[in-house]
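Colleague: I'd like to learn how to read a model like this one. Could you walk me through it?

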Protein chains: 2
Amino acid sequence: MTTTTTPEISTSIVEESNFLKELVLQVRAQDHYGVYRNWKDELVLSNFVVSKEKKSKISVDGDVDAATQLRILCFYRAIAVCIEKETGKLCQVVTDLSHEGFGWALVWTGRLVVLSRTLRDAQRFGYPSLKKLAAQGERLVESGLKNVEKYPDAAEG
Amino acid sequence: MTTTTTPEISTSIVEESNFLKELVLQVRAQDHYGVYRNWKDELVLSNFVVSKEKKSKISVDGDVDAATQLRILCFYRAIAVCIEKETGKLCQVVTDLSHEGFGWALVWTGRLVVLSRTLRDAQRFGYPSLKKLAAQGERLVESGLKNVEKYPDAAEG
């Protein structure tokens with residue numbers, strides 16, 4: 001009996017997480033030239049994984065490069081879509097980054113700020129593993145859903 | 001009897017409007033080299049006045065230049081400060097502009113979006129007169145205050 005377990009397990013991380021599935025869709029939506037067309041989902045997300053050692057080598061002195069900015073936007077858009085699917089409410093996203101890598105990411109619906117996060121050292125944006133990326137995304141989705149539940153009036157407003 | 005009515009009247013526009021007074025402070029706060037130090041308030045605000053003819057001459061094809069972006073930020077920050085002073089609640093501002101001059105300006109406090117405005121043709125940001133600038137600023141402050149009143153829970157959240 002031959003087993004091809006290893007690749008199957010890696011793919012299933014994305015398969016098992018609604019958040020990662022949305023994130024893959026967000027990244028693929030930006031792939032205007034079809035570079036990722038034949039790539040596996042986990043490869044599409046590989047740039048979201050940044051090890052501690054790699055992070056320490058990324059300078060936080062300069063601008064946040066366009067690719068990193070787009071990754072941050074995809075991350076919060078994926079969260080917004082997950083919340084949208086659960087609540088049926090249209091969610092908007094803004095990210096506002098200064099040249100020093102500081103700023104805000106906001107998700108809102110109606111008059112409600114569903115999620116607000118300050119960003120720091122955005123040049124180093126990334127998570128140690130796909131599993132941790134999924135966990136963080138899902139945690140933020142959860143906290144957003146709680147806010148929609150807690151402030152229904154503002155969410156409608 | 002000599003009269004110096006004309007300059008007096010022009011200055012009084014700023015004197016009479018709390019919003020314009022805050023806007024002047026916002027602009028002066030950015031004046032790191034003291035260029036505006038001896039300027040009258042109305043002169044400090046003169047770049048916020050853009051006539052219809054001038055607007056039509058500004059191209060909306062390219063990026064929004066840094067000075068215009070900063071003016072837009074000052075405008076919404078002045079609104080935020082006015083709301084802050086009335087309600088005692090700390091207000092945050094983000095502006096998110098695409099390269100095409102489209103985007104969002106948001107003012108929020110706690111979990112409440114106090115003000116959300118879509119921006120279009122941001123390259124042409126400006127008002128026909130200081131009077132109209134004051135009127136628009138005050139209108140937005142009013143609408144923000146109404147929202148804080150309407151959703152006190154979210155504003156606290």
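Modeller: Let's go from the fold of one chain to a helix, a salt bridge and then the interface. Keep in mind that this is a predicted model.

Colleague: Fine. How many helices and strands does chain A have?

Modeller: Start by listing the elements in order. Chain A has seven helices and three strands, and along the sequence they run α-α-α-α-α-β-β-β-α-α. The strands therefore sit together in that order, after five helices and before the last two.

Colleague: And what does the radius of gyration of chain A tell me?

Modeller: Compare it with what a compact globule of that length would give. For 157 residues that would be near 15 Å, and chain A comes out at 17 Å, so the two agree. Along the principal axes, its C-alpha atoms fill a box of roughly 60 × 45 × 30 Å.

Colleague: On to helices. How do I check the span of helix H5 of chain B?

Modeller: Use the rise of 1.5 Å a residue: the 22 residues of H5(B), 66-87, should span 32 Å, and the end C-alpha atoms are 31 Å apart, which agrees. Then look at both ends. At the start, a side-chain oxygen of Asp65(B) comes within 3.2 Å of the backbone nitrogen of Ala67(B). After the helix comes Gly88(B), with a positive phi near 75 degrees.

Colleague: Which side chains meet Lys85(A) in a salt bridge?

Modeller: That would be Glu22(A), at 2.5 Å from N to O. Always ask what such a pair links: here Lys85(A) is in helix H5 and Glu22(A) in helix H2 of chain A, 63 residues apart, so by the helix assignment distant parts of the chain are joined. Over all chains the count is six salt bridges.

Colleague: How many salt bridges lie across the interface of chain B and chain A?

Modeller: Zero by the rule, though two residue pairs are in polar contact. Strands S1, S2 and S3 and helix H7 of chain B each supply at least two residues of the side touching chain A. By class, that side has 11 nonpolar, five polar and three charged residues.

Colleague: What area do the two chains bury between them?

Modeller: About 1600 Å², with 62% of it on carbon and sulfur atoms. Trp108(B), Arg111(B) and Tyr151(B) supply 37% of the area chain B buries against chain A, more than any other three residues. Each chain gives 19 residues to the contact.

Note on methods: Residues are numbered from 1 along each chain as its sequence is written. Chains are lettered from A and ligands numbered from 1 in the order in which they are written. This is a predicted model: local features need pLDDT of at least 70, side-chain atom pairs count only at pLDDT 80 or more; totals for chains, interfaces and linings use all residues. Side-chain values use heavy atoms; hydrogens and water are left out. Contact means heavy atoms within 4.5 Å. Buried area is the accessible area (1.4 Å probe) that two parts lose on being put together, summed over both. A salt bridge is a side-chain nitrogen of Lys or Arg within 4 Å of a carboxyl oxygen of Asp or Glu. A polar contact is a pair of N or O atoms within 3.5 Å; within protein, one must be able to donate a hydrogen and the other to accept it, and residues adjacent in sequence count only if both atoms are side-chain atoms. Helices (H or I, at least four residues) and strands (E, at least two) are DSSP runs, numbered from the N terminus. Ala, Val, Leu, Ile, Met, Phe, Trp, Tyr, Cys and Pro count as nonpolar, Asp, Glu, Lys and Arg as charged, and the others, Gly among them, as polar. The expected span of a helix is 1.5 Å times one less than its number of residues. The radius of gyration is taken over C-alpha atoms; the globule rule is 2.2 Å times the number of residues to the power 0.38.
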